[in-house]
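The following exchange asks how the descriptive terms applied to a model are justified. Each reply sets a value against its criterion.

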Amino acid sequence: MAIADIITRIELDAQAEADALLATARDRAEAAVAAAKAEADRDAARIRSRGAEVARVEAETLLANARLAARDGLLGAKKELAEHVLGEARARLESLPDGDYAAFIAREVVRVSVPGQVVRVAAADSDRLASLGERLAAAGAPVTVAGEAEGLARGVRVEGDGVRVEVSPAAYVAERHARLLPL
């Protein structure tokens, strides 16, 4: 073999080895690119999934807050209406004709009183409730009407044995208010 053949052979072997190295490098580069793309796809899927979960939680929170706000608005409107109605009820009780007003007060005194108590009348209602003693006696209430209830705007105060109970349109409505609008 001549030197030229040996050199050609070396060149061919070197070229083949370079081509093999280049093919291996290309294969490795393609594998690295494919692995990086697969990892990027997994990361993107994780990010999308996490973003979708965050969006779902935020949407549920917004919906829950909207429901609470609507419920609070409805409750506020109901409370306002109930308070208006209770105010009207108080005004109507206070404006009853004298006989009906005295009957109402007598009925409530009978309901809350016990034997031996004293009933004191508010100064503003002394004329309207002039027949209260007779009404209570007719109802069999074992109480005595005596004196004025200081500090009471309307109605009466039933007192005795350390107990004081206000019987008035305001107290009647306040009792219903506590049952209708507990808070």
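**Helix packing and the nonpolar core**

α2 passes α4 in a left-handed crossing. The model is predicted, and the turns below concern its helices, its core and several individual residues.

Q: What makes α2 oblique to α4?
A: The axes of α2 and α4 cross at roughly 60° and come within 11 Å. Angles under 35 degrees count as roughly parallel and 65 to 115 as roughly perpendicular. The crossing angle of roughly 60° falls in neither range, and α2 is therefore oblique to α4.

Q: Which residues make the contact of α2 with α4?
A: Y101, F104, I105, E108 and R111 take part from α2, and P169, Y172 and E175 from α4. Divided by class, the contact of α2 with α4 has 5 nonpolar and 3 charged residues, with no polar ones.

Q: Why is α1 called roughly antiparallel to α4?
A: α1 (3-94) and α4 (residues 169-180) pack at an angle of about 160°. Angles over 145 degrees count as roughly antiparallel, so the angle of about 160° places α1 and α4 in that class. Their axes are 9 Å apart, and the crossing of α1 past α4 is right-handed.

Q: Which residues of α1 and α4 meet?
A: On the α1 side they are E83, L86, A89, R90, L93 and E94. On the α4 side they are P169, A170, Y172, V173, R176, H177 and L180. The contact of α1 with α4 comprises 8 nonpolar, 1 polar and 4 charged residues.

Q: Why are α2 and α3 described as oblique to each other?
A: Their axes cross at roughly 50° and come within 9 Å. An angle of roughly 50° lies between the limit of 35 degrees for roughly parallel and the range of 65 to 115 for roughly perpendicular. α2 and α3 are therefore oblique, and their crossing is right-handed.

Q: What residues form the contact of α2 with α3, and how do they divide by class?
A: G99, A102, A103, I105, A106, V109 and V110 in α2 meet L132, R135, L136 and A139 in α3. By class, 9 are nonpolar, 1 is polar and 1 is charged.

Q: What makes up the largest nonpolar core?
A: This core has 21 residues, and I105, V109, V119, L129, L132, L136 and V156 have the most contacts inside it. At least two core residues come from each of α1, α2 (98-112), β1 (118-121), α3 (132-139) and β3 (156-160). The most are given by α2, with 6 residues. V109 touches V119, L136, V143, V156, V158 and V167, when residues up to four places away in sequence are not counted.

Q: How do you know whether L93 is buried or exposed?
A: L93, found in helix α1, has a relative accessibility of 15%. The limit for buried is under 20%, so L93 counts as buried. Beyond its neighbours within four places in sequence, L93 is in contact with Y101, F104, P169, Y172 and V173. L93 and F104 are 11 residues apart in sequence and 8.5 Å apart in space, C-alpha to C-alpha.

Q: Why is V112 called partly exposed?
A: The relative accessible area of V112 is 26%. Partly exposed covers the interval between under 20% for buried and over 50% for exposed, and V112 therefore belongs to it. V112 is in helix α2 and, leaving aside neighbours within four places in sequence, is in contact with Q117, V158, V165 and V167.

Q: What makes V85 partly exposed?
A: V85, in helix α1, has a relative accessible area of 47%. An exposed residue would need over 50% and a buried one under 20%, so V85 is partly exposed. The C-alpha atoms of V85 and V173 are separated by 10.0 Å, with the two residues 88 apart along the chain.

Q: How do you know whether D161 counts as exposed or buried?
A: Its relative accessibility is 75%. Exposed means over 50%, so D161 counts as exposed. D161 lies in the loop between β3 and β4 (163-167). Although D161 is not a glycine, its phi is positive, at about 50°.

Technical notes:
Residues are numbered from 1 along each chain as its sequence is written. This is a predicted model: local features need pLDDT of at least 70, side-chain atom pairs count only at pLDDT 80 or more; totals for chains, interfaces and linings use all residues. Side-chain values use heavy atoms; hydrogens and water are left out. A nonpolar core is a set of buried Ala, Val, Leu, Ile, Met, Phe, Trp, Tyr and Cys residues joined through side-chain atoms within 4.5 Å. Buried means under 20% relative accessible area, exposed over 50%, partly exposed in between (1.4 Å probe, protein chains only). Helices (H or I, at least four residues) and strands (E, at least two) are DSSP runs, numbered from the N terminus. Contact means heavy atoms within 4.5 Å. Axes are lines fitted to C-alpha atoms, for helices over the stretch in contact, and angles run from 0 to 180 degrees between N-to-C directions. A crossing is left-handed if the near helix is turned anticlockwise from the far one by less than a right angle, and right-handed if clockwise. Ala, Val, Leu, Ile, Met, Phe, Trp, Tyr, Cys and Pro count as nonpolar, Asp, Glu, Lys and Arg as charged, and the others, Gly among them, as polar.
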